Every structure is written in structure tokens, then in C-alpha cells.
Amino acid sequence: MEVIIAKDRTELAEIAAGIIRAQILAKPNCVLGLATGSTPEETYARLVRYHKEEGLSFAKVTTFNLDEYIGLPPSHEQSYYYFMHDRLFNHVDINEENVHVPMGMAPDPDAFCKWYEEQIEKAGGIDLQLLGIGGDGHIAFNEPGSSLASRTRVKTLTEQTIKDNAELFFGKGKEDEVPKFAITMGVGTILEARRLLLIAFGKRKAKIVKQLIEGPVTSMVTASALQLHPDAIVVIDEEAAAELELKDYYKWVYKQKNAEYQKTLDRLAGR
Ligand code: PGA
């Protein structure tokens, strides 16, 4: 696992958006796995900027979102379909046919989940999967206790997730309005992406980020499954990194790697 500690959330978004941009430039018809929540908002804003200012094109990109609330129509402002269009898709040249967000109104959610898995496979699998982490350690809506081999399915949200999401998106004290069920990619589905990029910032995430990076691999913190992936990058800010035992080492590794990389570039350029 590569751990990158950014000085603040602005630098974090710059690094995350840079990794996604590099993926699109390296493979214009890549398959991106995307996430919702407050964490990726600035990263998406940067991607929109790269599109507008530098012509970064999403025309051949295919996307699969991690999850969606059951019972919310795409037009609902709190639906993840709405979020993605509002923050990213409506502002870039993506082909709507290539956009996939689980259908919260699917009449048969179980059949839909099977179909969603098939679509990911048909697209050739996910090249780069963006992830956030919930206060309870979830990735997507894989709440504590989810099998680390789980596939796309219906999950019942925990009380903490409902509370967190009420505060952030529905309004404080509006827990009753947060749906109790969601369709979510499984941990096993996520682990099949060729590369994982998890981002987190703020004091609120420090404890769980420690468990993600330095705790045991456990279904009680489904994000810890990233430790099993051969190409996982975790980008966090100083606040979220506060409890890491090996914090200085991660910083040192990043610095050394960047210096080496720059030297290689200089050598190739004959400097
Ligand atoms: P957040 O949510 O980005 O709003 O903190 C992350 C998550 O629940 O996965």
C-alpha cells in the first residue's frame, strides 16, 4: 500500500485528481470506479477544471459508481446519481451511455446487482477505483461485518452511517429521511479493480484511517481489505494521518520516491 500524506485537503484533491488524470491520459478509454460523499467533491471539481482548461477528455471513459440508496429516484437531490451529474458528469464530455450508477429504483434489486456485476465484467473490469472511507470503516456501503469476498448486493446501513449521512447531506437530525438500504459493490468486487485510490481528510477520520492502514485485515473495518490489494494508494491529509504509527516513514518513502523519479526524468531528458 502506498500512503501519501498531503499537507491539507487542497493538496490531497490535487494529488487524487492528478492520479485520475494520469489514468485517463494513459488510457483514454479506461474504466473508472467512482465514489460519492463530501471527500471527493474537490477532486471532481479539479477534474472539471482539467476538462475545461486543458481539454482532458472523458469522451471514451466508462464509469461505474460504487453505490446508491434504495428508493431514491435519480432526480432526488440526495441520490448518488444526482450527485455525480451535479459534481462531474454534467460538466465534462462523458457519454451518458458509458455512465453507470446503481439504480435505486430497480424493481428487482437482487437481479439488478447481478446485472451490474456483468456490466463491469463486460467493460473489461475497473482500471482505477476511487474510494472514500466511512466513520465505521466502510468502503462503498460495505458496513462492518461484510464479507471481504462480497459482491454487489443490497446492504442495510448502520445507524452511524445513517447519522453521518444525515448530518452531511440530508440535514442534522433528519435521520428519518436517510434511506436504510443501499445497493453497493462488494469488497470482493472492489478488490478486483486493477488499482485502488482511497482518499480521506480531517480529524474525524484519523482513528479509522489508522485501522485501515495499520490495523489487522478484518471485515469489521472493510477498508482494511485494501491491504490485500497489490496496487492500492491511500491519500490523506495531515489531520487524518495524525494517529499513524509509521507516519514519518510514509512521508520519507514518498519524498525518496519523488526525488528518485525526478532524477530519472532528468536523466532521460539529458539534464
Ligand atoms: P464522506 O463519506 O466522504 O462524506 O466522509 C465517505 C464514505 O462514507 O464512504
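How many disulfides does the structure hold? The count is zero. This is a predicted model. A disulfide is a covalent bond between the sulfur atoms of two cysteines. Here, no pair of cysteine sulfur atoms lies within 2.5 Å.

Two cysteines can still be described. Cys 30 has a relative accessible area of 0%. Cys 113 has 2% relative accessibility. Buried means under 20% relative accessible area. Cys 30 therefore counts as buried, and Cys 113 counts as buried too.

Now to the ligand. Where does the ligand sit? The largest cavity holds it. The residues around the ligand include Gly 37, Ser 38 and Thr 39. Gly 132, Ile 133 and Gly 134 are also among them. So are His 138, Leu 168, Arg 204 and Lys 205.

What kinds of residue form this shell? Two are nonpolar, six are polar and two are charged. Ile 133 and Leu 168 count as nonpolar. Arg 204 and Lys 205 count as charged.

Some side chains make polar contacts with the ligand. The table lists the distance from a polar side-chain atom of each residue to an oxygen atom of the ligand.

| Residue | Distance to a ligand oxygen atom |
|---|---|
| Thr 39 | 2.4 Å |
| Lys 205 | 2.6 Å |
| His 138 | 2.7 Å |

How much of the ligand does the protein bury? Taken alone, the ligand exposes 280 Å². The protein buries 89% of that area.

Definitions and conventions
Residues are numbered from 1 along each chain as its sequence is written. This is a predicted model: local features need pLDDT of at least 70, side-chain atom pairs count only at pLDDT 80 or more; totals for chains, interfaces and linings use all residues. Side-chain values use heavy atoms; hydrogens and water are left out. A residue is near a molecule or strand if one of its heavy atoms lies within 4 Å of it. A polar contact is a pair of N or O atoms within 3.5 Å; within protein, one must be able to donate a hydrogen and the other to accept it, and residues adjacent in sequence count only if both atoms are side-chain atoms. Accessible areas come from the Shrake-Rupley method with a 1.4 Å probe; for residues, only the protein chains shown count as cover. On a 1 Å grid over the protein atoms alone, a cavity is a set of points where a 1.4 Å probe fits but cannot get out, and a pocket is an open set with protein on both sides within 12 Å along at least five of seven lines; lining residues have an atom within 4 Å of a point. A molecule sits in a cavity or pocket if more than half of its atoms lie within 2 Å of its grid points. Buried means under 20% relative accessible area, exposed over 50%, partly exposed in between (1.4 Å probe, protein chains only).
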